[in-house]
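Biologist: Please take one part of this model and go through it closely. Start with the charged side chains, then work through the secondary structure around them. Keep the numbers in.

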Amino acid sequence: MHMDKILLVEDEDDLRSALCTLLADAGYLVLPAANGMEALELLSKEPSLVILDIMLPDLSGLEVCRRIRQDCCCNVPVLFLTALDSFSDKKKGFLAGGDDYLTKPFDSGELLLRTASLLRRYCIYLSEPERSNENWLIAGDLRVSEQFNEVFRRDERIELPDIEYRMLKLFMKHRRKIFSIRNLYETIWNEPFDHSCSNTVMVHIRKLRLKIEDNPSDPRYIRTEWGRGYCFYM
């Protein structure tokens with residue numbers, strides 16, 4: 001029987017031991033690490049999930065997550081489990097490449113629910129190429145089909161009109177590229193741009209943010225580059 005492997009990175013010995021017991025009792029194989037460098041070494045064991053503290057004695061959890069995403073080119077989901085509970089701390093975690101964020105003290109049942117949800121999502125991601133030739137664009141908790149108007153956020157399907165679907169797909173295929181309002185209008189609508197079209201683009205950006213962002217007024221994904229346009233940050 002296959003057991004999901006969870007890389008648990010926690011420097012507090014007692015908490016790490018308690019979490020190992022909790023996760024093992026739930027049927028997971030736990031790879032414990034007491035610091036960031038040890039965690040990066042254990043990535044060779046190919047875990048299905050990383051549970052990661054931020055305040056570690058060597059590398060911070062944020063830096064560990066960045067290296068997982070950048071150096072290792074790894075799509076394994078990362079759940080931050082930390083005492084840092086401000087909105088700015090959570091924002092830093094998501095911008096570093098985290099998929100979820102749970103603050104201490106936490107309920108053990110909630111931790112197990114989030115663990116199961118992230119593992120289920122990762123399983124879908126891994127099995128998708130085996131089920132069909134359909135390609136997916138994935139960023140954070142978003143998954144977008146390149147062939148069909150199918151968009152999922154945290155495993156829940158989002159219904160997008162064709163304009164918004166094509167706009168999101170364009171952003172995700174060209175991450176960190178800044179699109180001017182003119183660029184977006186002429187690419188998505190395939191029509192010549194004039195200044196009266198600006199409001200049309202901004203309305204659709206606002207509608208799209210309402211559907212994919214946790215906080216549309218402080219977006220994680222589609223950001224405004226003032227005076228220049230919009231950019232998909234992840």
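**Charged pairs, strands and helix packing**

Modeller: Arg182 and Glu186 are both in helix 7 (residues 181-188), four residues apart, or about one turn of the helix. Their side chains meet in a salt bridge, at 3.4 Å from N to O. Arg182 has a relative accessible area of 39%, so it is partly exposed. Glu186 counts as partly exposed too, because its relative accessibility is 33%. One caution before going on: this is a predicted model.

Helix 5 (residues 108-131) holds a pair with that spacing as well: Arg114 and Glu110 are four residues apart, about one turn of the helix. Their salt bridge has an N to O distance of 2.6 Å. What about exposure? Arg114 is at 22% relative accessibility; buried would need a value under 20%, so Arg114 counts as partly exposed. Glu110, at 31%, counts as partly exposed.

The structure holds 19 salt bridges. Another of them joins Arg157 and Glu159, with the closest N and O atoms 3.5 Å apart. Here the partners fall in separate classes. Arg157 is partly exposed, because its relative accessible area is 43%. Glu159 is at 59% and therefore counts as exposed.

Arg157 leads into the sheet, since its number falls within strand 9 (156-158), an edge strand. The sheet is open, has four strands in the order 6-7-8-9, and pairs in the antiparallel sense. Strand 6 is the other edge; each edge strand pairs on one side only. From one strand to the next, the twist averages 25 degrees.

Take the strand 9 side. Strand 8 (residues 151-153) pairs with strand 9 in the antiparallel sense over three bridges. Val151 stands opposite Ile158 in strand 9.

Now the strand 6 side. Strand 6 (residues 136-139) and strand 7 (residues 142-145) are antiparallel, paired over four bridges. Trp136 faces Ser145 of strand 7. Two residues lie between the strands of this hairpin, and Gly140 there has a positive phi near 55 degrees. Asp141 belongs to a network of salt bridges that also links Arg153, Arg154, Asp214 and Arg220.

Which helix lies across these strands? Helix 6 lies across strand 6, strand 7 and strand 8. It runs at about 110 degrees to strand 7.

Helix 6 (residues 162-173) also meets helix 8 (residues 198-212): their axes come within 10 Å and cross at roughly 80 degrees. The two helices are therefore roughly perpendicular to each other, since that class covers 65 to 115 degrees.

Which residues make the contact? Helix 6 brings Ile163, Glu164, Met167, Leu168 and Phe171. Helix 8 brings His204, Ile205, Lys207, Leu208, Lys211 and Ile212. By class, the contact of helix 6 with helix 8 has seven nonpolar residues, one polar and three charged.

To put the part together: the sheet runs 6-7-8-9. Helix 6 crosses strand 6, strand 7 and strand 8, and helix 6 contacts helix 8 through residues such as Phe171 and Leu208.

How values were computed: Residues numbered from 1 in each chain as written. Predicted model: local features only at pLDDT ≥ 70, side-chain atom pairs only at ≥ 80, totals over all residues. Heavy atoms only, no water. Axes fitted to C-alpha atoms, helices over the stretch in contact; angles between N-to-C directions. Parallel < 35°, antiparallel > 145°, perpendicular 65-115°, else oblique. Contact = heavy atoms within 4.5 Å. Nonpolar A, V, L, I, M, F, W, Y, C, P; charged D, E, K, R; others polar. Pairing = 2+ DSSP bridges. Salt bridge = Lys/Arg side-chain N within 4 Å of Asp/Glu carboxyl O. Buried < 20%, exposed > 50% of the residue type's maximum accessible area, 1.4 Å probe, protein only.
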